[in-house]
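Thanks for making time this morning. I will walk through one structure that most of you have not met, so please have a look at it before I start.

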Amino acid sequence: MPRTMKVESPGCPPLRALTFDELGLIKVVEARGGSHGSDPKVVERWGEPEPSRCVLAASIDDRKSNPLLAVARKCGTVEILNPLKGDVRAAISDVAHDGVKPEDDPIVGLHLFKSEGSDRTSGSCIVLTCTTKGNARIRHCAFSSSPDDSASTDTATLWKVCGAGNVLCSKVDASESYAVFGGKGVEVNVWDIRKGTKIWNAKPPPKNNLGIFTPTWFTSATFLCKDDHRKIVAGTNSHQVRLYDISAQRRPVISFDFRETAIKAVCEDLDGYTVYLGNGTGDLASFDMRTGKMLGSFLGKCSGSIRSIARHPMLPVIASCGLDSYLRLWDIKSRQPLSAVFLKQHLNAVVFDSNFTDEG
């Protein structure tokens, strides 16, 4: 069984997190809080280890009734699961019909819509996917109550995000009306996903004082505020963090460096101005994007590249995971580690189930 590394901390509050790794396994980690908290433990493992079913992206709609979880796999399949039991409700093939293999055009962006058009009582949902070559699709998926029945899909929208380069990151805003994309050779651009039109495209920064131009290579991006889709935070392969305001200008409003390796994960806070950054050497820190100043580094260095950061919707906790195979939980106020669980495989993503309660 995976081992738990104990650290000196008050313990974790009651929480539930789902992790996704390179062998396609989904592991459920729960902490049953008490008066002094408790250590998180792996309570369930879904799936069998298979490299071709590596989970590339995940998105959860953790509503109280009929929650759903969407995972994108390396084989070109998007699965819709029940995040409480792990049973597969539907499987959607995202393989293109032009003969391109899934491993040559993998899914890099995935979003499960939570509001409009998703009728869980009748068994339907809407999923947005985006591949490395910029093929974005919004699909309406209808599935029956029996997991053995296949899902019927209807492609509502299909568009090309970029004409050249590789898309490496995408994010949908809280209103689920806009999406941001970026990548290697792809400048940050914002789309109105309801209309399928591009509304803004970034302009690369000018050359530095030595006349050197930094090539475009975005590795992560997110919307800074849930109530405003105009402010975007993006991390680059050249360890630079940029804040864009699409209502002001096409070039960054604020730009600064973080350590010496590529930014691998960016996550926004609920306050609308704080972001959490993780890089390729395991450094994790929080920044105030109003000034571009670092608020502080999280104590205890990860021993591998951070690939995903998740902010709990209600508790003052963030989770990080990556190539060191640990799921780490942090207190955002003190920036102290709460606990770390070793999960054996390299981890690609983590999400929280915000409706989890400690019934024990």
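Let me begin with arginine 32, which counts as partly exposed because its relative accessibility is 39%. Before I go further, please keep in mind that this is a predicted model. Arginine 32 has a salt-bridge partner in glutamate 30, and the closest N and O atoms of the two are 3.1 Å apart. Glutamate 30, at 11% relative accessibility, counts as buried. So this bridge joins a buried residue to a partly exposed one. The pair also belongs to something wider, a network of salt bridges that links Arg16, Glu30, Arg32 and Asp353.

As general background, side chains of opposite charge can pair when their charged atoms come close. How many salt bridges does the structure hold? The count is 14, and I will show two others.

One is between arginine 290 and aspartate 288, whose side chains meet at 2.9 Å, N to O. Arginine 290 is exposed, as its relative accessible area is 55%. Aspartate 288 counts as buried, with a relative accessibility of 10%.

The other is between arginine 328 and aspartate 324, at 2.8 Å, again N to O. Are these two residues buried or exposed? Arginine 328 is buried, with 11% relative accessible area, and aspartate 324 is buried as well, with 10%.

Now the nonpolar cores. The general point is that in soluble globular proteins, nonpolar side chains tend to be buried together. Here the largest nonpolar core has 18 residues. Which of them touch the most other members? They are Leu327, Leu329, Leu343, Val350 and Phe352. Several strands each supply at least two residues of this core. From the early part of the chain there are strand E2 (15–21) and strand E3 (26–31). With them come strand E26 (317–322), strand E27 (326–331), strand E28 (337–342) and strand E29 (347–352). There is also a second, separate core of 16 residues, and its members include Ile126, Leu128, Val186 and Trp191.

Next, the cysteines. How many disulfides does a search of the whole structure find? The answer is zero. Take cysteine 130 as a case: the nearest cysteine sulfur belongs to cysteine 162 and is 7.3 Å away. A disulfide needs two cysteine sulfur atoms within 2.5 Å, so that pair does not qualify. Cysteine 130 counts as buried, given its relative accessibility of 1%. Cysteine 225, in turn, is partly exposed, with a relative accessible area of 22%.

On to the empty spaces. The second largest pocket has a volume of about 250 Å³. It is lined by 14 residues, and those nearest its centre are Pro205, Pro206, Gln240, Arg242 and Ser255. Strand E19 (240–245) and strand E20 (254–257) each give at least two residues to that lining. Sorted by class, the lining of this pocket has five nonpolar, six polar and three charged residues.

As for cavities, the whole structure has three of 30 Å³ or more. The second largest cavity has a volume of about 40 Å³. Which residues line it? The lining consists of Glu187, Pro204, Pro205, Thr214, Pro215, Thr216, Trp217, Phe218, Thr236 and Arg242. By class, that makes five nonpolar, three polar and two charged residues. Pro205 and Arg242 appear in the lining of this cavity, and they are also among the residues nearest the centre of the second largest pocket.

I will finish with two individual positions. Valine 180 sits in strand E14, residues 178–184. Its relative accessible area is 0%, so valine 180 is buried. Valine 180 and histidine 229 are 49 residues apart in sequence, and their C-alpha atoms are 9.3 Å apart in space.

Where is glutamate 103 found? It is in the loop between strand E8 (88–93) and strand E9 (107–112). Glutamate 103 is partly exposed, with a relative accessible area of 49%. In sequence, glutamate 103 and glycine 76 are 27 residues apart, while from C-alpha to C-alpha they are 7.7 Å apart.

That is the tour; I am happy to go back to any part of it.

Terms used: Residues are numbered from 1 along each chain as its sequence is written. This is a predicted model: local features need pLDDT of at least 70, side-chain atom pairs count only at pLDDT 80 or more; totals for chains, interfaces and linings use all residues. Side-chain values use heavy atoms; hydrogens and water are left out. On a 1 Å grid over the protein atoms alone, a cavity is a set of points where a 1.4 Å probe fits but cannot get out, and a pocket is an open set with protein on both sides within 12 Å along at least five of seven lines; lining residues have an atom within 4 Å of a point. Grid points are joined across faces, edges and corners, and a volume is the space filled by probe spheres set on the points. Helices (H or I, at least four residues) and strands (E, at least two) are DSSP runs, numbered from the N terminus. Ala, Val, Leu, Ile, Met, Phe, Trp, Tyr, Cys and Pro count as nonpolar, Asp, Glu, Lys and Arg as charged, and the others, Gly among them, as polar. Buried means under 20% relative accessible area, exposed over 50%, partly exposed in between (1.4 Å probe, protein chains only). A nonpolar core is a set of buried Ala, Val, Leu, Ile, Met, Phe, Trp, Tyr and Cys residues joined through side-chain atoms within 4.5 Å. A salt bridge is a side-chain nitrogen of Lys or Arg within 4 Å of a carboxyl oxygen of Asp or Glu.
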